[in-house]
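User: I have a model open and would like to learn how to read it. Could you walk me through its features?

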Amino acid sequence: MVNNLQRRRLIGLAVGAWGAAVSRSATGQPAQDVLRKTIPSSGEKLPAIGLGSWITFNVGDDTMARRGCTEVVRHFFEDGGRLIDCSPMYGSSQPVIGEALARLDAVGRVFSADKVWTSGDGAAQVAASRAHWGVPRFDLLQVHNLLAWRTQLPLLFERKRAGQLRYVGVTTSDGRRHDELESIMLAHPLDFVQVTYNILDRAVEQRILPLARERGIAVIANRPFREGVLIRALERRRLPAWAAEIDCANWAQFLLKFIVSHPQLTCAIPATTQLAHVRENMGAARGRQPDAAMRVRMAALVADM
Amino acid sequence: MGEWRSYGVSDLLMFSSRTWYRMLELHNRAWWPLQPVAMVMGIGLLWAINRRVRVALRMGLWMLGLSMLFVAWEFHWKRYASINLAAPWFALAFAIEGLLLTALGALRRDLTLSQVNAAVRTGSVLLSIAVLLYPVSLLMWFKPMQQSEWFGLAPDPTVMATLGLLLCLCGSDGVRRPRLTWTLLSAIPLAWCLVTGATLWALDASDWWLMPSVGVLAGVVGWWQSGLAKPSPSAG
């Protein structure tokens, strides 16, 4: 059984790698030219734009909406994306992702990032999550919002040692419990942390990001658009002409490039149900990226608005 | 404790407005043509209460009790639970309410409308809105009729009708402890008014205020009138 799974995994990986090599993005861009950032603990390169699933993929049993989510995942992969993020807290999002991966035969292409979110039996929850995704093992599991992390983190490290998991991490959101997050980053050999980071919510720049650099921890940025509020607010304004200097065609790319251009950020995970938005988001991982001076200019512009 | 205060209602919302209304649409499609049947039954209940038919209140308790059980199972448990982790708890609450209503209807054979007071008038208005107006209210907010909520099938109009019927109970004989009965039977519907109001507010729905307003109105009138009602010494 294990051999079968491993064989299927290897075949899937080979097919996925071939698919990625020959595929072109929905925008006609080669899928390989996306910005990739390094996971410090392994040296593995990961596309800087991932796909979140909070709210957007929680569509229940609605067949039509599930097909729409599958199309989002298809375009995400075709545009060079890999990391999909989910949690047992996200309702039906896990089975919706699993259905999309199965329909697209994309289990070998995805960088599966899920979470443990329970103060009870973490192993049982991970098994249920894995069954929903239909993956032989997760690439990354994180303790969601630090819930029962003293219990769940040893479980995840144990799985990593046993080869059942590649990376271990913890998450917070909206600036909560940063002191505790820091102490965990100092005391445990984490591969990833996930925090809220966007052009307005930048508290992690003070201590968390420098500590991540020091400890060799990859960083995932959640809520890049403040759940759409930032985009909706900015859409009423004209994109500045100088945004073309960093190859931004829209506000989504402006906001995402600000995030992923931070040297310590590994991946941003915008969520969407719109195919056009997938293309916009993935466009942020292409072309020129802002340097430090440009980042200051970008932040000042949005703060003034 | 401090961390919990940093969460808002929108942080707890797990699904989009589109998913919510699409779920109502699929629920309606699955149960058509039960909607007009439920409406006709509701109209029958309204007629019986206005005519002070002897069995009107018991008939209403059975009808609303079964409706609550139906909503608990078919809406909350089988449908809403797929997008909201709290929905199984809503199902439990609605099931308890359904059992309480049917039990009261079964046990109290002497429930009759003896007076038409402010509670009965308010209750009749709420029942009328729940049965007749709620399904078409979506047109006011420019939403398609396929997504409308019907008495007996969807939680909000069913809860509104339940509060209406409970207010009518304040004008009846046969209730030994009117205030206690009101409090016990209205707790779950009133709590739902808050839950649904918060949910719709987080979904940015223009009618989010409706059910909380109904809850406040029913809560005030029910508490006031159940205190004035004369306990029935013969009632068990």
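Analyst: Happy to; we will go from the overall make-up to the sheet and then to the chain contact. Keep in mind that this is a predicted model.

User: How many helices and strands are there in chain A?

Analyst: Chain A has 11 helices and nine strands. Of its 305 residues, 49% are buried, where buried means 20 or more other C-beta atoms within 10 Å of a residue's own.

User: In which order do the strands of the open sheet in chain A lie?

Analyst: To read a sheet, follow the strands from neighbour to neighbour. Here seven strands of chain A, all paired in parallel, run 3-4-5-6-7-8-9. Strand 3 (83-85) and strand 9 (267-268) of chain A each have a single partner strand, so each has one side without a neighbour in the sheet.

User: How many bridges join strand 4 and strand 5 of chain A?

Analyst: Four bridges link strand 4 (residues 111-116) with strand 5 (residues 138-143) of chain A, in the parallel sense. Within this part of the sheet, A:Val116 has A:Val143 in strand 5 as its bridge partner.

User: Which strands does helix 5 of chain A lie across?

Analyst: Helix 5 (residues 149-161) lies across strand 4, strand 5 and strand 6 (165-171) of chain A, and its angle to strand 6 is about 160 degrees.

User: How many residues does each chain bring to the contact between chain A and chain B?

Analyst: For a contact, look at each side in turn. Chain A brings 14 residues and chain B brings 13. On the chain B side, helix 3 (residues 17-31) gives the most, with four residues. By class, that side has six nonpolar, five polar and two charged residues.

Key
Residues numbered from 1 in each chain as written. Chains lettered and ligands numbered in written order. Predicted model: local features only at pLDDT ≥ 70, side-chain atom pairs only at ≥ 80, totals over all residues. Pairing = 2+ DSSP bridges. Helix = DSSP H or I, 4+ residues; strand = E, 2+ residues; numbered from the N terminus. Contact = placed C-beta atoms within 7 Å. Axes fitted to C-alpha atoms, helices over the stretch in contact; angles between N-to-C directions. Nonpolar A, V, L, I, M, F, W, Y, C, P; charged D, E, K, R; others polar. Buried ≥ 20, exposed ≤ 12 C-beta atoms within 10 Å, placed from the backbone.
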